[in-house]
Amino acid sequence: PMDGSQQFHAGLDLAAPLGSYIRNWWTGRIVELSDNTGCGTMIKMQSGQWTHIYCHLMGSVQSDSRGTFLIDRSGGIVLTLGQDIPAGARMARVGMTGRTTGPHLHWGLMYGNQYVDPALVLNAMYGSNPSGNT
């Protein structure tokens, strides 16, 4: 935090230009939408035992008699709590909402109820394989 205090940072920050589209990592269901925390405008997705948390997004969260929605009109994005999102679908844009000093995507990842370092998952999936085995 900007006040000099220390706080655990669970996730990976990916710098990107403001307004860049974000695609869903794995097929999943939106289980939470929020825009009132340090995470800023946020989407939480459930994919089996995996939970993905996307923070600092453009847009805002609104609720009415039909449900809860994330709306980013200029990006053409409207998501609904409970909506299923396929892998690779555009689901949000990089913003600067919440506690941030510049545009980036904060990607948090949990398996069960335990945070997992997303960099370890990316390395296991796409990292180099020194042995040459596949």
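Before looking at a hairpin I noted the terms: strands are DSSP runs of E with at least two residues, helices are runs of H or I with at least four, both numbered from the N terminus, and two strands pair if DSSP finds at least two bridges between them.

I also noted that this is a predicted model, in which local features need pLDDT of at least 70 and side-chain atom pairs count only at pLDDT 80 or more, while totals for chains, interfaces and linings use all residues. Residues are numbered from 1 along each chain as its sequence is written, and side-chain values use heavy atoms, with hydrogens and water left out.

**Entry 1: the chain.** I looked up the elements and found one helix and 12 strands, with the helix coming after the strands in the order from the N terminus. Of the 134 residues, 34% count as buried, where buried means under 20% relative accessible area, exposed over 50% and partly exposed in between, with a 1.4 Å probe and protein chains only.

**Entry 2: strand β11.** How many residues of β11 are buried? I found that seven of the eight are, so the strand is largely enclosed by the rest of the structure. I then went through its partners: strand β1 (residues 12-15) pairs with β11 in the antiparallel sense over four bridges, and A15 stands opposite H104 there. Strand β5 (residues 50-57) is joined to β11 by six bridges, also antiparallel, with I53 opposite G108. On to β12 (residues 114-116), I found three bridges in an antiparallel arrangement, and L109 facing V116 across them. The hairpin of β11 and β12 has two residues between the strands, and in it G112 takes a positive phi near 65°.

**Entry 3: H106.** This residue lies in β11 (residues 104-111) and is buried, with a relative accessible area of 11%. I noted that a polar contact of 2.9 Å joins its side chain to that of D13; such a contact is a pair of N or O atoms within 3.5 Å, where within protein one must be able to donate a hydrogen and the other to accept it, and residues adjacent in sequence count only if both atoms are side-chain atoms.

**Entry 4: two residues of β4.** I looked up T41 in strand β4 (residues 41-47), which counts as buried at 2% relative accessibility. M45 is found in β4 as well, and its relative accessible area is 0%. Leaving aside neighbours within four places in sequence, M45 is in contact (heavy atoms within 4.5 Å) with residues including W50, I85 and M91.
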